[in-house]
Amino acid sequence: MYIKLGFVFIILFSLFGCGQPAASGELQSVGLLVPESIDDQVWGTKGYKGLLKIQSELGVDVYYKEGMNEEGKIRAAIEEYQEKGVNLIFGHGSEYAAFFNTLGEEFPEIHFVLFNGKAVGENVTSLNFESHAMGFFGGMVAGEMTSSNKVAVLAAFEWQPEVDGFFEGAYFQNKDVHVDIEYVQDWNDVDTAMILLDKILESGNDIVYVAGDGYNVSVIEKLKAEGLFAIGFVSDQSDLGTGTVLTSTVQHVDRLYENVAKSFNEGTLDSGEIYFDFQDDVISLGKFSPLVEETFRETLQKHIEEYVDSGLLPNQK
């Protein structure tokens, strides 16, 4: 899910010195495994910030390793973490499902947490963002703001729920809108993403929902250079240009990590798949561009509040 590095250094780094007070519960120390880098400004960075929140709020030693994308590396990292007293490990992505579901049986004293995957075993938990609604509300913004009535999604994979959500939201807001959808088939393939972006722009699309992690900064930078617009993804990407990024669909991974660590510390973290949405305060829209009129923002906020209360999107009423 992250920007590929020409040469990835595998890092083990303690972020909290020895002798600090530990959480007064089940949590001892926390480890994070990232497939690529914590410096991608999107998904990997979010995980790292979550680790820092755990360190700050619970006062435990925390560690991270980058480039954890092969079984041998992952096993070695788990063994090293075990020696350091780590009993909660976050695998920052869906790719860790296959590894954790197998290795969890070998390390029963460690609880394993991953994203958007199947979790098997009493010590494995999968965190899943219910991202259909965030895509819907991002689509509403695109449907409202398009001048060409042509908007697009540049997603990583077909299974992403936010893609269908975006299509539905754009059409709900603007019955004349046309939505193009392209798939990179990878979270990190910047080259393919840029080729597909050229195709999208040649079709006259003026807003792109950049629903991928490793490539979305590069895509947004090109949209900015072309005087076009973007809906950001995962992070609030307004800092890339308030005249370009109309809003972002934000997944507060850092906040979720902190909540999960607290639940584990209290002995209340469930195994299996757990789902999160706007109602759990871990999904939101980001800052709006000044180009988005206040009256529309107020209408959109009412729709979001009604969704939080009822669980029904505007097109489901």
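Which residue forms a salt bridge with D281? It's R255, and the legends below start there. This is a predicted model, where local features need pLDDT of at least 70, side-chain atom pairs count only at pLDDT 80 or more, and totals for chains, interfaces and linings use all residues. Numbering runs from 1 along each chain as its sequence is written, and side-chain values use heavy atoms, leaving out hydrogens and water.

**View 1. R255 pairs with D281 in a salt bridge** (side-chain nitrogen of Lys or Arg within 4 Å of a carboxyl oxygen of Asp or Glu). The closest N and O atoms sit 3.4 Å apart. R255 belongs to helix α8 (residues 253-265), while D281 is in the loop between β12 (272-276) and β13, 26 residues apart. Helices (H or I, at least four residues) and strands (E, at least two) are DSSP runs, numbered from the N terminus.

**View 2. E258 and K262 share a salt bridge within α8**. Their N to O distance is 3.0 Å, and four residues, about one turn of the helix, separate them. E258 counts as buried at 11% relative accessibility, and K262 as partly exposed at 28%. Buried means under 20% relative accessible area, exposed over 50%, partly exposed in between (1.4 Å probe, protein chains only).

**View 3. Helix α9 has a buried face**. F296, L300, H303, I304 and Y307 are buried in α9. Down the helix axis they fall within an arc of 100 degrees (directions from the axis to the C-beta atoms), so they line one face. Turned away from that side are the exposed T295, K302 and D309. Just after α9, G311 takes a positive phi of about 80 degrees.
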